[in-house]
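Reader: I should like to go through this model with you, one question at a time. Please give the criteria behind each term as it arises.

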Amino acid sequence: MGNQGKVVERAKARELRAEAWTLAEIAAELGVAKGSVSVWVRDVDFVPKPRNRGHRDHRPHPLTVRKNVELERCRTEADEWLGAVTHRDLTMFCLGLYAGEGSKTPGCVSMANTNPALLRILLVWLRSHFDIDETRLRCKLYLHEGLDLAEATTSWSMLTGIPVEQFSAPYRATADQSRRGSKHVFGCATVMYSCTLTHRRLLAMIEAISSVPSLPG
């Protein structure tokens, strides 16, 4: 940017600093380095704003507003890019998902995740691509103690279409406060389908893709 541009940015930075914007906020607003802002506004007097403690009468932080706007724009762009999804599109996605997240132990198609959308997509694909015996589907929950097991079981049963009576005994974990305190309200679910042939076919499809000699650039 030319010299005049820097003069304009410097003036705007000093104006915002006088309104008690933080250095980070100003840098983000003007698209410049925080170090530059610090130099430009170091002699500007201002009254610091009280810290936002999450009270309802406080407006969202400018950076939070900017992030939310950007996230929404990204989602819109992604929806426009995606368009209609074919069965082959779904198959390629699920094979990549299973290659990264699924169990490679012979005899059972199995994947664990805390993201309901990913497990739902996998099950939709399994049911449409293979001849699934619904009675052999199982689900097992990993849920911290103190969380509602019945509610979590009902939620995952509705999402997966696996009856509650086909859920295995859950693992109730004790939170380790020395590590992290966050807990997934409905825990982590593992969906399982015991069928050696289905598992072999799925892994063979993944291997076929990974062994392609030349991929599109």
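Reader: Is Arg73 buried, exposed or partly exposed?

Author: This is a predicted model, in which local features need pLDDT of at least 70 and side-chain atom pairs count only at pLDDT 80 or more, while totals for chains, interfaces and linings use all residues. Residues are numbered from 1 along each chain as its sequence is written, and side-chain values use heavy atoms, with hydrogens and water left out. Buried means under 20% relative accessible area, exposed over 50%, and partly exposed in between (1.4 Å probe, protein chains only). With a relative accessible area of 44%, Arg73 is therefore partly exposed.

Reader: With which residue does Arg73 meet in a salt bridge?

Author: A salt bridge is a side-chain nitrogen of Lys or Arg within 4 Å of a carboxyl oxygen of Asp or Glu. The partner lies with Arg73 in helix α4, three residues apart, about one turn of the helix; helices (H or I, at least four residues) and strands (E, at least two) are DSSP runs, numbered from the N terminus. The partner is partly exposed, with a relative accessible area of 44%. At 3.8 Å, N to O, the residue that meets Arg73 is Glu70.

Reader: How far apart are the closest N and O atoms of Lys12 and Glu15?

Author: Both residues lie in helix α1, three residues apart, about one turn of the helix. Lys12 counts as partly exposed at 33% relative accessibility, and Glu15 is partly exposed at 41%. The closest N and O atoms of this salt bridge are separated by 3.5 Å.

Reader: Which residue forms a salt bridge with Glu134?

Author: Glu134 counts as partly exposed, at 35% relative accessibility. Its partner also counts as partly exposed, at 30%. With closest N and O atoms 2.9 Å apart, the partner of Glu134 is Arg127.

Reader: How many salt bridges does a search of the whole structure find?

Author: Among them are Lys12 with Glu15, Glu70 with Arg73, and Glu134 with Arg127. The search of the whole structure gives a total of six.

Reader: In what order do the strands form the open sheet?

Author: Two strands pair if DSSP finds at least two bridges between them. The sheet is open, has four strands and shows mixed pairing, in the order β1-β4-β2-β3. β1 (108–113) and β3 (171–173) each have a single partner strand, so one side of each is left without a neighbour in the sheet; the edges are thus β1 and β3.

Reader: By what angle are neighbouring strands of this sheet turned against each other on average?

Author: Axes are lines fitted to C-alpha atoms, for helices over the stretch in contact, and angles run from 0 to 180 degrees between N-to-C directions. For neighbouring strands of this sheet the direction is ignored, and the average turn is 15°.

Reader: Which residue of β4 is the bridge partner of Arg138?

Author: Strand β2 (residues 137–144) pairs with β4 (residues 188–194) in the antiparallel sense, over six bridges. The bridge partner of Arg138 in β4 is Met192.

Reader: Which strands does helix α6 touch?

Author: Contact means heavy atoms within 4.5 Å. Helix α8 (residues 196–210) lies across β1 and β4, running at about 70° to β1. Helix α6 (residues 116–129) packs on the sheet with its direction at about 160° to that of β1, and the strands it touches are β1, β2 and β4.

Reader: Which residues does Thr91 touch, not counting residues up to four places away in sequence?

Author: Thr91 is placed in helix α5 (residues 87–101). At 7% relative accessibility, Thr91 counts as buried. With that exclusion, the residues in contact with Thr91 are Trp125, His129 and Met205.

Reader: What is the phi of Ala20?

Author: Most residues other than glycine have a negative phi. Ala20 is found in the loop between α1 (3–18) and α2 (23–30), and is buried, with a relative accessible area of 10%. Although Ala20 is not a glycine, its phi is positive, at about 75°.

Reader: What percentage of the residues of the protein count as buried?

Author: The protein has eight helices and four strands. Of its 217 residues, the share that counts as buried is 28%.
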